[in-house]
Amino acid sequence: MVKVTIIGATGQVGSYAAHAISQIPHVKEVSLFGRDGNQLFLEGLARDLKDSFAARGTNTRISWSCDEKDLRGSEIIILASGAARKSDQNRLDLAVDNARIVAGYAEKIGRNASETLLFVVSNPVDVMTAVALRYSNLPPHRVFGLGTHLDSMRLKSCVAEFFNVHVSEVHTRIIGEHGDSMVPLWSATTIGGIQINNLPAFSHIPKEEMMERVKTSGSLIIRNKGSTVYGPGDAIATIIRTIVEDEHRILTVSAFIRKEVHDIGSVCIGVPARITRGGAFPVPINLSDDELEAFRFSTEQIREVTHHVFKTLEEDEIRPV
């Protein structure tokens with residue numbers, strides 16, 4: 001039985017993720033964590049969720065806290081705190097401000113829950129995963145981010161729609177930055193187990209239009225309804241279920257890589273990883289020449305921003321206390 005804590009539970013993604021995660025068998029407690037001053041909101045959210053649990057017959061405990069000592073005993077901590085992206089921003093625009101928030105929480109996690117798995121959702125998620133890794137002092141396999149998992153699901157939906165097949169028949173993934181330099185792995189895309197380039201219709205697939213749709217989906221949703229909620233919330237819950245049930249599924253998350261992908265290392269970025277109760281373990285893969293070139297570009301983009309963020313945090317003198 002597992003305790004899952006959500007830092008940033010007062011946000012829309014965090015609160016919906018709490019609802020989705022509570023339906024997973026073997027999750028015994030969902031703990032809502034927020035900054036001091038949000039006690040009334042957290043109490044109200046907890047009561048609302050309790051009512052929902054009663055209505056659907058869910059026997060999951062809900063708790064809330066603003067005290068870092070209550071992070072103790074969490075098998076999984078979801079870090080979703082930070083400024084929300086606006087429709088005219090890209091995810092990297094949030095880097096420095098959110099890094100200060102993530103670094104502070106990561107230190108608290110390292111002090112109070114050193115055995116936890118730390119699952120980062122805050123944007124830009126690849127950079128924030130690197131910040132969480134450094135400031136929590138947890139092992140790399142126990143710190144990972146949502147990465148390009150949701151992007152991969154968006155592409156999966158596009159391909160299924162084009163070929164008019166059930167979405168479960170499509171297997172595809174996007175690696176690299178959760179952002180503009182993301183890289184689709186067409187070479188690893190199958191439909192019903194058949195390599196996509198072996199299907200005659202593949203020559204007519206609008207790859208560029210599909211990728212533009214994937215890249216701009218978040219901005220469009222934010223512009224039209226204010227925020228993305230259900231997509232990321234259920235994507236988070238899928239990964240939590242994979243961990244709790246120790247499924248050993250390969251999902252594309254932001255993880256620290258060394259030599260797993262053509263020796264491009266020392267960066268946190270979206271890659272296929274085996275997800276277990278022990279954490280996220282990147283899977284070594286080979287890419288086509290075009291995919292490799294695009295992935296190298298993507299990693300350099302993230303590495304550059306990460307370096308800038310770390311330099312800023314050092315200048316801020318953010319240190320473990």
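**Notebook: pockets, helix packing and backbone outliers**

I began with a side pocket: the lining of the second largest pocket comprises 5 nonpolar, 5 polar and 3 charged residues. The model I consulted is a predicted one.

**Entry 1. Second largest pocket**

I looked up the volume of the second largest pocket and found about 240 Å³. I then listed its lining, which has 13 residues; Met153, His171, Thr172, Arg173 and Ile250 are the closest to the pocket centre. Next I noted the elements that give two or more residues to this lining, namely H5, strand E7 (170-171) and strand E12 (249-257).

**Entry 2. Largest pocket**

For the largest pocket I recorded a volume of about 750 Å³. I found 34 residues in its lining, and those closest to the centre are Val13, Ala80, Ala83, Ala84 and Asn123. I asked which helices each supply at least two residues of this lining. They are H1, helix H3 (95-112), helix H5 (149-163) and helix H6 (207-225). H1 gives the most, with 3 residues. By class, I noted 12 nonpolar, 18 polar and 4 charged residues in the lining of the largest pocket.

**Entry 3. H1 against H2**

I examined helix H1 (residues 12-21) and helix H2 (residues 39-56), whose axes come within 11 Å and cross at roughly 30 degrees. Angles under 35 degrees count as roughly parallel, and H1 and H2 are therefore roughly parallel to each other. The crossing of H1 past H2 is right-handed. I listed the contact residues as Ser15, Ala18 and His19 on H1, with Leu45, Leu49, Ser52 and Arg56 on H2. This contact of H1 with H2 holds 3 nonpolar, 3 polar and 1 charged residues.

**Entry 4. H3 against H8**

I turned to H3 and helix H8 (residues 289-315), which pack at an angle of about 60 degrees with axes 10 Å apart. I entered H3 and H8 as oblique to each other. H3 passes H8 in a right-handed crossing. On H3 the contact uses Ala95, Val96, Ala99, Arg100 and Ala103, and on H8 it uses Val305, His308, Val309, Thr312 and Leu313. I recorded the classes of the contact of H3 with H8 as 7 nonpolar, 2 polar and 1 charged.

**Entry 5. H5 against H6**

I looked up how H5 and H6 pack: the angle is about 125 degrees and the axes are 9 Å apart. H5 and H6 are also entered as oblique to each other. The crossing of H5 past H6 is right-handed. From H5 I listed Asp151, Arg154, Leu155, Cys158, Val159, Glu161 and Phe162; from H6, Met210, Met211, Arg213, Val214, Ser217, Gly218 and Ile221. The contact of H5 with H6 divides into 8 nonpolar, 2 polar and 4 charged residues.

**Entry 6. Backbone outliers**

I kept the usual expectation in view: most residues other than glycine have a negative phi, and most peptide bonds are trans. I asked where the residue with phi near 80 degrees, a positive value in a residue other than glycine, is to be found. The residue is histidine 26, in the loop between H1 and strand E2 (27-33).

I also recorded a cis peptide bond from asparagine 123 to proline 124, with omega near -5 degrees. Proline 124 lies in the loop between strand E5 (117-120) and helix H4 (125-136). I cross-referenced Asn123 to Entry 2, where it is among the residues closest to the centre of the largest pocket.

Conventions:
Residues are numbered from 1 along each chain as its sequence is written. This is a predicted model: local features need pLDDT of at least 70, side-chain atom pairs count only at pLDDT 80 or more; totals for chains, interfaces and linings use all residues. Side-chain values use heavy atoms; hydrogens and water are left out. Axes are lines fitted to C-alpha atoms, for helices over the stretch in contact, and angles run from 0 to 180 degrees between N-to-C directions. Helices (H or I, at least four residues) and strands (E, at least two) are DSSP runs, numbered from the N terminus. Angles under 35 degrees count as roughly parallel, over 145 as roughly antiparallel, 65 to 115 as roughly perpendicular and the rest as oblique. A crossing is left-handed if the near helix is turned anticlockwise from the far one by less than a right angle, and right-handed if clockwise. Contact means heavy atoms within 4.5 Å. Ala, Val, Leu, Ile, Met, Phe, Trp, Tyr, Cys and Pro count as nonpolar, Asp, Glu, Lys and Arg as charged, and the others, Gly among them, as polar. On a 1 Å grid over the protein atoms alone, a cavity is a set of points where a 1.4 Å probe fits but cannot get out, and a pocket is an open set with protein on both sides within 12 Å along at least five of seven lines; lining residues have an atom within 4 Å of a point. Grid points are joined across faces, edges and corners, and a volume is the space filled by probe spheres set on the points.
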